[in-house]
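Could you walk me through this model in plain paragraphs? I would like to go from single residues to the ligand site, with the reasoning spelled out where it helps.

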Amino acid sequence: MKFSTKAIHIGQEPDELTGAVTVPLYQTSTYAQEEIGKHKGFEYARTHNPTRFAWEANLAAMEGGSHAYAFGSGSAAIDTVMRMLNAGDHVVMAEDMYGGTFRLTSKVLSRFGITFSYVDMRNVQNVEAALKPNTRMIYTETPTNPMMSITDLAAVAEIARAHGAIMVVDNTFASPYFQRPQVFGAHIVVHSATKYLGGHSDLVSGIVATNDADIAEQIKFLQNAVGAVPGPFECWLLLRSSKTLAVRMDRHASNAAKIAAYCEEHPAIKQTHYPGLASHPQHLIAAKQMSGFGGMISIELGSLERAVAVTKKLRLFTLAESLGGVESLVCHPVSMTHGSIPIEQRERLGVTGGLVRLSCGIEDVEDLLEDLEGAL
Ligand SMILES: *Cc1c(COP(=O)(O)O)cnc(C)c1O
């Protein structure tokens, strides 16, 4: 079965009781039991919820795998994955990544005796060099937020396997439609489902997918023990969103390709970061592991003043955090999403005052280009 068919049908079979073609919303915290020790397999909703189970089966299929577990946010999903580790363990992380992941690891998890090395994953030799005898996990994001840099998934997975480490990939920017990291050897995929999976800027949620039965057992145990589960309504909305993921992603990517080509030619833009551009330093690696380049673009405007002026003038691109919704958004990473990254690290990565991130929506691209033209 191919991607769109899986997205629409797996976990989304008609309801057995009534034939309803959408999965019912089981808004309940508990389940009646027939007698002590006799029930229908559903006991308490942190552990069991049919709407959540349907969404988990659906996402597992889209990621080309067998198991998925849903969480209350992308951050909760990442935190739960990290709880597989013990005090004394070491993790090699991508240095260019979502600001909240940096905050969670450097300010929270580091207090529990887990150590982190942040490296430039564009060069796999940096990953190899950072390995220690106690390295148990390699964690990356590709394309990264906000610099759109690419990790060679197959190369890093090979290093992880040789070292006996678990490889985790944050696949939020690509979505499973354009990239399935487990095909290249990753053990775990995480998503902020708040973004493309939800796709309509109306929910916060997260998910972890894996094909590894042993890892799945551990995540399932932690999901229940830690309890950062989503409500059933979020799961129901996500099932609705899956049905249009493929068509939305195609439009996000075709709009972004046209906008990136326009930005690259524009004299007021110093640099355009989009993995679909032939000028992107890792375009060929992106082309090898992604079937499309997504809807996210970062542009360098040269100064904070220019960034303030341009974002103020945009009308269709709404100034807001988050990304991946049908409506176009613009964000200023330094002041909005990446404030928790130390200034030296930010400057080194290129996350400057003049950097602006565009989440290209699925509006008519002519209108988006006109909006940019007016603001620039
Ligand atoms: C938003 C985001 C997260 C965090 O997810 P939340 O749902 O906001 O908790 C993690 N990784 C990436 C790449 C993101 O964009």
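T135 is a good place to begin: this residue belongs to strand 4, which covers residues 135-141. Keep in mind as you read on that the model is predicted. With a relative accessible area of 3%, T135 is buried, because anything under 20% falls in that class. Its side chain still finds polar partners. One is the side chain of H90, in a polar contact at 2.7 Å, and another is the backbone nitrogen of K132, which the T135 side chain reaches at 2.6 Å. If you set aside residues up to four places away in sequence, T135 touches H90, V92, A130, H163 and A165. H90 therefore appears both as a polar partner of the T135 side chain and among the residues that T135 touches, while the cover on T135 is what its 3% relative accessible area expresses.

Let us follow the chain onwards into the loop between strand 4 and helix 6, where helix 6 spans 153-163. P143 sits in this loop, and the peptide bond leading into it from T142 is cis, with omega near -10°. P146 is found in the loop between strand 4 and helix 6 too, and the bond from N145 to P146 is again cis, this time with omega near 10°. If you are setting up a torsion check, these are the two omega values to look up: near -10° for T142 to P143 and near 10° for N145 to P146.

The loop between strand 4 and helix 6 also holds M148. Here the backbone angle to look at is phi, which is near 60°, a positive value in a residue other than glycine. Is M148 buried or exposed? M148 is buried, with a relative accessible area of 1%.

A second positive phi turns up at S201, near 55°, again in a residue other than glycine. S201 is placed in the loop between strand 6 (188-192) and strand 7 (206-210). Its surroundings contrast with those of M148: S201 has 45% relative accessibility and so counts as partly exposed, whereas M148 is buried at 1%.

Next comes helix 8, residues 213-226, where you will find Q223. This residue is buried, with a relative accessible area of 4%. Which side chains does the side chain of Q223 meet in polar contacts? One is R52, joined to Q223 by a polar contact of 3.5 Å between side chains, and another is E56, at 3.0 Å. Leaving aside neighbours within four places in sequence, Q223 is in contact with R52, E56, Y69, A70, F71, T80, A228 and V229.

T80 in that list leads us to helix 3, since T80 is one of the buried residues there. Helix 3 is mostly covered, with 8 of its 9 residues buried. The buried ones are G74, A76, A77, I78, D79, T80, V81 and M82. Helix 3, residues 74-82, also gives the most to the shell around the ligand, contributing 3 residues.

That brings us to the ligand itself. It is surrounded by 15 residues, and the closest are S75, D170, S192, T194 and K195. Sorted by class, this shell has 4 nonpolar, 8 polar and 3 charged residues. Several short distances involve oxygen atoms of the ligand. A backbone N or O atom of G74 lies 2.8 Å from one, a polar side-chain atom of S192 lies 2.8 Å from an oxygen atom of the ligand, and an N or O atom in the side chain of K195 is also 2.8 Å from a ligand oxygen. Taken alone, the ligand exposes 380 Å², and the protein buries 92% of that.

Finally, how many disulfides are there? The count comes to 0. C263 is in no disulfide, and the nearest cysteine sulfur, that of C360, is 7.7 Å away. Why is there no bond for C360? The closest cysteine sulfur, in C263, is 7.7 Å away and so too far for a bond, given that a disulfide needs the pair of sulfur atoms within 2.5 Å. Both cysteines are covered: C263 is buried at a relative accessible area of 1%, and C360 counts as buried at 0%.

Key: Residues numbered from 1 in each chain as written. Predicted model: local features only at pLDDT ≥ 70, side-chain atom pairs only at ≥ 80, totals over all residues. Heavy atoms only, no water. Near = heavy atom within 4 Å. Polar contact = N/O pair within 3.5 Å; in protein donor to acceptor, adjacent residues only side chain to side chain. Areas by Shrake-Rupley, 256 points an atom, 1.4 Å probe, with all protein chains shown as cover. Helix = DSSP H or I, 4+ residues; strand = E, 2+ residues; numbered from the N terminus. Nonpolar A, V, L, I, M, F, W, Y, C, P; charged D, E, K, R; others polar. Buried < 20%, exposed > 50% of the residue type's maximum accessible area, 1.4 Å probe, protein only. Contact = heavy atoms within 4.5 Å.
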